[in-house]
Amino acid sequence: MIVGMVADISGARDARPAVQPTSAEQEPGLAVLEEIERRVLWLATRIVDAANHDRDTKDGVKVGGHEASSASLVSVMTALYFAYLDAPDRVSVKPHASPVYHAIQYLLGNLDRGYLPRLRAFGGLQSYPSRTKDPDRVDFSTGSVGLGAAAPLFAAAVRRYVDAHFGPRPRSRYIALIGDAELDEGNIWEAVADPATDGLGDVLWIVDLNRQSLDRVVPGMRIAQWEQQFTAAGWHVAEAKYGRRLQAAFGQPGGPALRDWIDAMPNEQYQSLFGLDPAAVRARFCDGAPDEVIQFCQRVNDDELASLVTDLAGHDLATLLEVLAECDKHRDRPSVLFAYTIKGWGLPIAGNPRNHSALLTEAQIADLRGQLGLTEATEWDRLDPMTPAGQWAAARREHLARHPAEPGPAVSIPDGTDIRASRPIATQEAFGRILVELSRNPAVAPYLVTTAPDVATSTNLAGFINRMGVFSPDTRRSWTDDPVLKWTEGPSGQHIELGISEMNLFLLLGQLGLAWDLSGQPLLPVGTVYDPFVLRGLDAFIYSVYSGARFVVAGTPSGVTLAPEGGAHQSTITASVGIELPSVTFIEPAYAVALDWLLCGALRSVAAANAGEQALPQQAGEAGSYYFRLTTRAIDQQPFQQARDRLGDAILRRQVLAGAYRLVDAEAAARDGAPAVYLAGSGAVLPEVLTAAAELADEGIAATVVDVTSADRLYRAWQRTLRQGVRTATTPSIPGALRNVFTDRAPVVTVHDAASHALSWLGSALGAPAVSLGVDAFGQSGTVADLYRANDLDAGSIVNAALAALSLR
Ligand SMILES: Cc1ncc(C[n+]2csc(CCOP(=O)(O)OP(=O)(O)O)c2C)c(N)n1
Ligand SMILES: [Mg+2]
């Protein structure tokens with residue numbers, strides 16, 4: 001269809017097609033597409049205008065929206081949605097073009113009219129395309145510039161993986177519409193450079209090259225440099241630069257000089273032409289021009305000249321479709337198309353250096369409405385179904401219709417892998433062993449896929465990799481005979497190795513976690529990263545969970561427990577990040593069996609969500625991702641075994657999953673009259689907490705040790721009951737997850753190898769005096785004992801903290 005379409009249009013290169021189609025079966029002529037393009041421009045502009053002028057928000061806060069940024073992409077998006085895309089294709093739309101996207105969905109019949117005046121309203125159209133909140137189907141959320149561009153690249157990498165493991169699906173092209181200033185973001189180049197994205201022939205990036213960013217006209221175009229960077233990374237590079245009229249002019253006498261003159265003109269001068277009246281365009285364009293150019297210009301009248309010299313291919317549908325078809329021929333590598341556009345195209349604010357947030361005035365809107373032959377009564381109408389444009393829109397709606405993904409197979413995850421730990425073991429090592437066990441389970445193994453940014457072996461993924469291999473589209477010969485690590489690469493491998501880019505890690509995890517939707521294949525994605533560098537990928541982490549992706553990530557090793565490594569490798573604020581991130585459940589177990597139960601529980605929830613099932617009842621509200629904070633400190637597992645013997649597996653497992661259990665229970669001593677205190681520790685510090693509890697017991701103090709396995713689940717349980725109280729104006733109770741473990745209102749000491757703030761809310765939750773110990777300084781090198789002492793995490797400090805807490809009663 002596309003080839004025929006281009007042939008049809010390119011046959012009319014220099015003139016509008018004489019014959020108009022009369023029914024939806026026929027492909028449209030250029031004039032039909034241009035009519036649709038004008039309507040898209042109108043609706044996108046009016047959507048922003050209505051948000052700002054038709055609604056009384058009563059709060060005095062400017063609503064905003066981006067008429068100029070939107071106009072810049074109107075032609076490209078008209079070409080895509082009305083002539084190029086097929087149903088399986090997936091598109092990421094530049095954040096500020098969301099009004100164009102919604103205008104198109106409306107014209108296609110996929111969005112109710114009632115939404116059009118509701119851009120940026122509560123429950124209305126989102127400012128930036130959102131997978132989870134927009135009413136029309138959005139493939140990729142965008143907003144934080146750069147990330148929406150990279151996401152389709154990783155989605156294509158995931159499709160390559162899915163096709164290799166589960167059989168090919170109908171071909172999807174993964175397309176990103178990118179603002180040119182987005183190329184300033186480092187994550188773009190991290191994504192392009194990563195070997196995991198090599199040779200993805202179904203990827204197409206279209207750069208909206210309007211030579212403007214938010215603040216300014218970008219001086220000295222860097223396009224040549226960008227093109228070289230893409231070429232060096234193995235991409236096919238294409239340009240849509242001059243429209244057909246300029247191309248024709250270049251063939252006339254003086255044409256080559258005209259072309260050289262435009263090419264050499266500084267951006268600031270070229271952009272300034274857009275805001276001028278035709279006579280002034282001539283004066284400025286010819287200022288300093290060589291004779292040949294002046295002579296050429298003398299042969300053209302003012303109006304023609306002004307429109308000719310600003311005739312860019314990014315607004316020339318025929319040229320755009322030709323270049324798109326040309327990109328399609330390069331199936332062996334990704335393509336990038338630089339489309340020269342005008343920010344504010346077709347609007348009075350075109351090319352104005354300050355147009356990023358500019359809005360048309362009421363008079364300008366009325367003028368535009370009039371130019372389209374619309375009235376206030378008809379301005380929101382769809383294309384008339386009796387016209388060729390309306391019929392073509394209906395045909396495209398059919399062509400692009402998607403059927404909802406079939407629910408995937410239910411992956412049955414066991415409660416645990418029965419990990420045994422008779423000797424001291426660290427959670428990081430246990431994590432590696434649990435994954436190996438799961439890889440032996442034929443019901444689970446096919447769906448597991450691990451990934452790491454060059455830290456797979458140092459985060460204990462080697463066992464998994466040895467069994468499952470490393471993914472590569474082609475089988476590669478291995479030249480190493482390492483008996484400990486087999487690095488076998490081929491299409492059946494289930495570990496995807498990334499270069500050192502935590503941004504790429506979280507972008508890939510996000511797309512693996514959306515494979516059920518974008519590739520119709522549920523997966524169980526598991527990533528590892530050094531915990532301090534979670535923050536290096538944080539924007540992509542947020543992006544991925546905001547997009548609704550479900551995955552498991554382990555941040556390991558963490559905290560000052562990674563003692564000799566020193567400050568830059570010792571995480572402190574990551575626990576708070578994990579607790580606070582919506583749609584992420586933060587888990588920090590200390591013991592191997594607890595980790596086993598928690599990891600299997602997390603994978604079960606990911607599997608259920610990714611198969612399109614309801615979240616499991618006990619994890620309601622948790623249909624998100626899981627962040628495990630782990631350590632390399634091996635600790636004695638006996639205390640956990642004792643808790644197991646005392647409570648039994650059923651109760652203990654329930655409490656571990658709920659977020660806390662009693663590792664040492666001193667309730668009997670408290671009942672006998674000993675002053676009671678709770679020592680609530682999380683993660684690697686539990687041995688010090690246990691020692692402190694024993695010392696306190698010697699002093700006659702009943703110290704109950706609580707192992708906080710998930711501060712996040714405890715906090716959420718507390719908040720849920722509080723909010724319930726607030727909303728219903730009733731007295732909130734203490735939630736079960738806390739009530740079962742903290743039975744008394746005794747003082748509490750929190751102990752955490754993380755910022756003390758992360759657990760300090762516990763005192764408020766329990767209504768008890770609290771002292772919070774944690775790491776509130778940058779790390780430094782030393783032994784574990786040195787650093788625990790330096791941060792008051794040693795047993796002696798915990799004892800003192802308990803005495804202080806008791807004195808606060
Ligand atoms: C990570 C991030 N930083 C800053 C912004 C604020 N911002 C929004 S648009 C923009 C400029 C975008 O320019 P460009 O990509 O060229 O888009 P245009 O509006 O020109 O189409 C900036 C800085 C953002 N959205 N995301
Ligand atoms: Mg721009």
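Me: Is Thr197 buried or exposed in this predicted model?
Reply: Thr197 sits in the loop between α6 and β3. Its relative accessibility is 1%. The cut-off for buried is under 20%. Because 1% falls under that cut-off, Thr197 counts as buried.

Me: Which backbone oxygen does the side chain of Thr197 reach?
Reply: Leaving aside neighbours within four places in sequence, Thr197 is in contact with Leu153, Phe154, Arg160, Ala191, Val192 and Pro334. One of these also makes a polar contact through its backbone. The distance is 2.8 Å, and the partner is the backbone oxygen of Ala191.

Me: How far apart in space are Thr197 and Ala801?
Reply: In sequence, 604 residues separate Thr197 and Ala801. Taken from C-alpha to C-alpha, the spatial distance is 52 Å.

Me: Which residues coordinate the magnesium ion (ligand 2)?
Reply: The donors lie at 2.0 to 2.2 Å from the ion. Their spacing in sequence is D-x29-N-x1-Q. Asp180 gives OD, Asn210 gives OD1 and Gln212 gives its O atom. The coordinating residues are Asp180, Asn210 and Gln212.

Me: How many residues apart are Asp180 and Asn210, and where do they lie?
Reply: Asp180 is in the loop between β2 (174–179) and α6 (186–193). Asn210 is in the loop between β3 (203–209) and α7 (223–232). The pair links distant parts of the chain, 30 residues apart.

Me: Why does Asp180 count as buried?
Reply: Buried means under 20% relative accessible area. Asp180 counts as buried because its relative accessible area is 3%.

Me: Which residues come nearest to ligand 1?
Reply: The shell around ligand 1 holds 18 residues. They divide into three nonpolar, nine polar and six charged. Those that come nearest are Ser69, Lys94, Asp180, Gln212 and Lys343.

Me: What percentage of the accessible area of ligand 1 does the protein cover?
Reply: Polar contacts come first. A nitrogen atom of ligand 1 is 3.0 Å from a backbone N or O atom of Gly143, and a nitrogen atom is 3.1 Å from a polar backbone atom of Val145. The side chain of Lys343 places an N or O atom 2.8 Å from an oxygen atom of the ligand. On its own, ligand 1 has 590 Å² of accessible area, and the protein covers 75%.

Me: Which residues does Asn187 contact, beyond its neighbours within four places in sequence?
Reply: Asn187 lies in helix α6. It is buried, with a relative accessible area of 6%. Its contacts are Val145, Gly146, Leu147, Ala150, Met503, Asn504 and Leu507.

Me: Which backbone oxygen lies 2.8 Å from a polar side-chain atom of Ser70?
Reply: Ser70 belongs to helix α3 (residues 67–84). It is buried at 1% relative accessible area. Not counting residues up to four places away in sequence, Ser70 touches His96, Ala97, Pro99 and Val100. The backbone oxygen in question belongs to His66.

Me: What is omega for the cis peptide bond that joins Thr556 and Pro557?
Reply: Pro557 is in the loop between β11 (552–555) and α22 (574–580). The bond from Thr556 to Pro557 is cis, with omega about -10 degrees.

Me: What is the phi of Asn460?
Reply: Asn460 is in the loop between β6 (448–453) and α18 (462–468). At 27% relative accessibility, Asn460 is partly exposed. Asn460 is not a glycine, yet its phi is positive, about 65 degrees.

Terms used: Residues are numbered from 1 along each chain as its sequence is written. Chains are lettered from A and ligands numbered from 1 in the order in which they are written. This is a predicted model: local features need pLDDT of at least 70, side-chain atom pairs count only at pLDDT 80 or more; totals for chains, interfaces and linings use all residues. Side-chain values use heavy atoms; hydrogens and water are left out. Donors are N, O and S atoms within 2.8 Å of the metal (3.2 Å for Na, K and Ca); water is not among the atoms, so sites may look incomplete. Helices (H or I, at least four residues) and strands (E, at least two) are DSSP runs, numbered from the N terminus. Buried means under 20% relative accessible area, exposed over 50%, partly exposed in between (1.4 Å probe, protein chains only). A residue is near a molecule or strand if one of its heavy atoms lies within 4 Å of it. A polar contact is a pair of N or O atoms within 3.5 Å; within protein, one must be able to donate a hydrogen and the other to accept it, and residues adjacent in sequence count only if both atoms are side-chain atoms. Accessible areas come from the Shrake-Rupley method with a 1.4 Å probe; for residues, only the protein chains shown count as cover. Ala, Val, Leu, Ile, Met, Phe, Trp, Tyr, Cys and Pro count as nonpolar, Asp, Glu, Lys and Arg as charged, and the others, Gly among them, as polar. Contact means heavy atoms within 4.5 Å.
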